[in-house]
There are 2 protein chains.
Amino acid sequence: MEVQSAGKETYRAKTSKGEATRQKLLDVAEEIFGAKGYFHTSVVDITQRAGVAQGTFYVYFPGKQHIFRELVEELSHNLRREIQIAVNGAAGRKEKEIRGFAAFFDYVRKHRNLYRIVQEAEFVDPALYKWYYRRLAEGYVKGLQEAMDRGEFRRLDPEAVAYCLMGMGEFLGMRWVLWEKKDVPEEAFRAAMELIMGGLEKRD
Amino acid sequence: MEVQSAGKETYRAKTSKGEATRQKLLDVAEEIFGAKGYFHTSVVDITQRAGVAQGTFYVYFPGKQHIFRELVEELSHNLRREIQIAVNGAAGRKEKEIRGFAAFFDYVRKHRNLYRIVQEAEFVDPALYKWYYRRLAEGYVKGLQEAMDRGEFRRLDPEAVAYCLMGMGEFLGMRWVLWEKKDVPEEAFRAAMELIMGGLEKRD
């Protein structure tokens with residue numbers, strides 16, 4: 001992992017009130033960074049919208065770059081958790097892919113600024129940008145590897161397959177969830193699943 | 001097309017010397033926007049690096065946003081042309097996919113700032129960002145539709161398939177060409193092609 005957990009260098013709220021303030025700041029940061037962009041956002045923009053004194057901000061985050069990093073880490077963590085919950089208990093890899101993609105689109109719908117924030121990471125903190133995708137790929141590779149070991153999927157470079165499937169999800173989410181502000185149409189979702197299963201399922 | 005051709009609003013160099021100056025400015029813009037980011041780049045940065053008087057810049061482009069737009073249009077146009085040249089005369093859809101992906105990776109290798117510039121378009125000019133992908137998808141959809149009509153590919157929502165394949169290419173290019181500064185490894189390239197052909201080829 002190229003990015004140190006931000007938790008090591010920033011204050012972790014010990015009280016529930018402190019935790020609520022910290023979460024409030026992160027939620028507002030997600031909203032404002034997404035709307036105005038990182039470079040046009042100031043710490044004051046965040047504290048004013050959050051209704052928090054500027055001094056309080058610095059109790060939780062040393063600066064703008066730090067809250068940005070924690071936000072990306074939080075978005076990554078929550079996305080992976082949602083996908084994990086969705087695929088848990090699914091029977092077979094096909095069901096896992098369907099549920100995983102659906103959970104991803106659902107997360108994008110609820111966090112419309114996810115793409116913009118991750119894209120800005122490329123400029124704010126390139127290592128964080130890579131970390132975001134590498135971390136997402138890690139879990140995917142593990143699941144694909146297992147499906148290959150069980151003989152459900154053909155043996156293909158699992159990392160390449162993981163990046164292919166992540167790219168598919170990202171582009172479908174962009175095309176429909178972000179641009180059209182609607183769910184990925186059934187026909188499009190089905191096309192992606194047919195492509196994946198046709199391409200990866202073992203035939204014999 | 002959502003974005004008007006920038007040619008309609010900016011001066012088109014009539015002389016070869018003018019064309020060379022205009023191209024020089026675009027080349028330098030590609031370099032500097034990629035390195036420093038759009039918001040940290042000024043027109044002066046571009047003219048100084050290009051060795052061109054500031055007044056001359058405005059003969060060709062009304063401002064920073066305009067040269068950025070023309071640059072994205074140029075990158076899009078050249079990428080599509082390179083892919084077109086590569087796939088021309090390929091026998092069958094599989095050969096077309098192999099050549100098209102290879103041409104894309106080659107273009108990314110030669111234009112390492114392509115991703116960063118397109119990603120910044122999301123913040124500089126969101127309509128331009130969408131245009132870039134829609135325009136790329138258009139040609140892809142056409143090719144896929146033809147392969148489906150000829151019975152080479154299964155009938156699946158061609159636009160969804162186009163976005164899936166574009167996403168695959170983008171993520172593989174990011175993972176290896178950009179991050180590792182090398183070609184997409186043979187194993188990874190093969191995995192992507194197997195996934196595509198297994199998923200799309202008609203079986204009967």
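## Two helical chains and how they meet

In this predicted model, chain A is made of nine helices and zero strands.

Student: In what order do the elements of chain A run from the N terminus on, and what does its C-alpha trace span along its principal axes?

Tutor: Starting at the N terminus, the elements of chain A follow one another as α-α-α-α-α-α-α-α-α, which agrees with the count of nine helices and zero strands. Taken along its principal axes, the C-alpha trace of chain A spans about 65 × 35 × 30 Å.

Student: Into which domains is chain A divided, and how far apart do their C-alpha centres lie?

Tutor: The division of chain A gives domain 1, covering residues 9–62, and domain 2, covering residues 65–204. Between the C-alpha centres of domain 1 of chain A and domain 2 of chain A the distance is 28 Å.

Student: How many residues of domain 1 of chain A are in contact with domain 2 of chain A, and what area do the two bury between them?

Tutor: The contact joins 20 residues of domain 1 of chain A to 16 residues of domain 2 of chain A. The size of an interface is often given as the accessible area lost when the parts come together. For domain 1 of chain A and domain 2 of chain A, with 58% of the buried area on carbon and sulfur atoms, that area is about 1,600 Å².

Student: Across the interface of domain 1 and domain 2 of chain A, the rule finds one salt bridge; which residue forms a salt bridge with A:E70, and which helix gives the largest share of the side of domain 1 of chain A that touches domain 2 of chain A?

Tutor: The closest N and O atoms of the salt bridge with A:E70 are 2.2 Å apart, and its partner is A:R22. Between the two domains of chain A there are also seven residue pairs in polar contact, both residues being at pLDDT 80 or more. On the side of domain 1 of chain A that touches domain 2 of chain A, the largest share, ten residues, comes from helix α1 (residues 16–36) of chain A.

Student: Where in chain A does UniProt place the "DNA-binding region", and how much of that span is helix?

Tutor: According to UniProt, in an unreviewed entry, the feature "DNA-binding region" lies at residues 42–61 of chain A. The end C-alpha atoms of residues 42–61 of chain A lie 13 Å apart, and with 0% strand the helix content of the span is 75%.

Student: Which residues of chain A does UniProt list for "domain: HTH tetR-type", and how far apart are the end C-alpha atoms of that span?

Tutor: The unreviewed UniProt entry lists residues 19–79 of chain A for "domain: HTH tetR-type". That span is 80% helix and 0% strand, and the end C-alpha atoms of residues 19–79 of chain A lie 20 Å apart.

Student: What area do chain B and chain A bury between them, and how many salt bridges does the rule find across their interface?

Tutor: In the pairing of the chains, 44 residues of chain B are in contact with 44 residues of chain A. Chain B and chain A bury about 4,100 Å² between them, with 70% of it on carbon and sulfur atoms. Among the salt bridges is the one in which the side chains of A:E159 and B:R175 meet, at 2.5 Å from N to O, and across the interface of chain B and chain A the rule finds eight.

Student: Why does the salt bridge of A:R134 and B:E180 join two chains?

Tutor: The closest N and O atoms of A:R134 and B:E180 are 3.8 Å apart. Because A:R134 lies in helix α7 (residues 126–149) of chain A, whereas B:E180 lies in the loop between α8 and α9 of chain B, the pair joins two chains.

Note on methods. Residues numbered from 1 in each chain as written. Chains lettered and ligands numbered in written order. Heavy atoms only, no water. Contact = heavy atoms within 4.5 Å. Buried area = accessible area lost by both parts, 1.4 Å probe. Salt bridge = Lys/Arg side-chain N within 4 Å of Asp/Glu carboxyl O. Domains from an automatic or database assignment. Polar contact = N/O pair within 3.5 Å; in protein donor to acceptor, adjacent residues only side chain to side chain. Helix = DSSP H or I, 4+ residues; strand = E, 2+ residues; numbered from the N terminus. UniProt positions renumbered as here; feature names shortened; annotations may be inferred.
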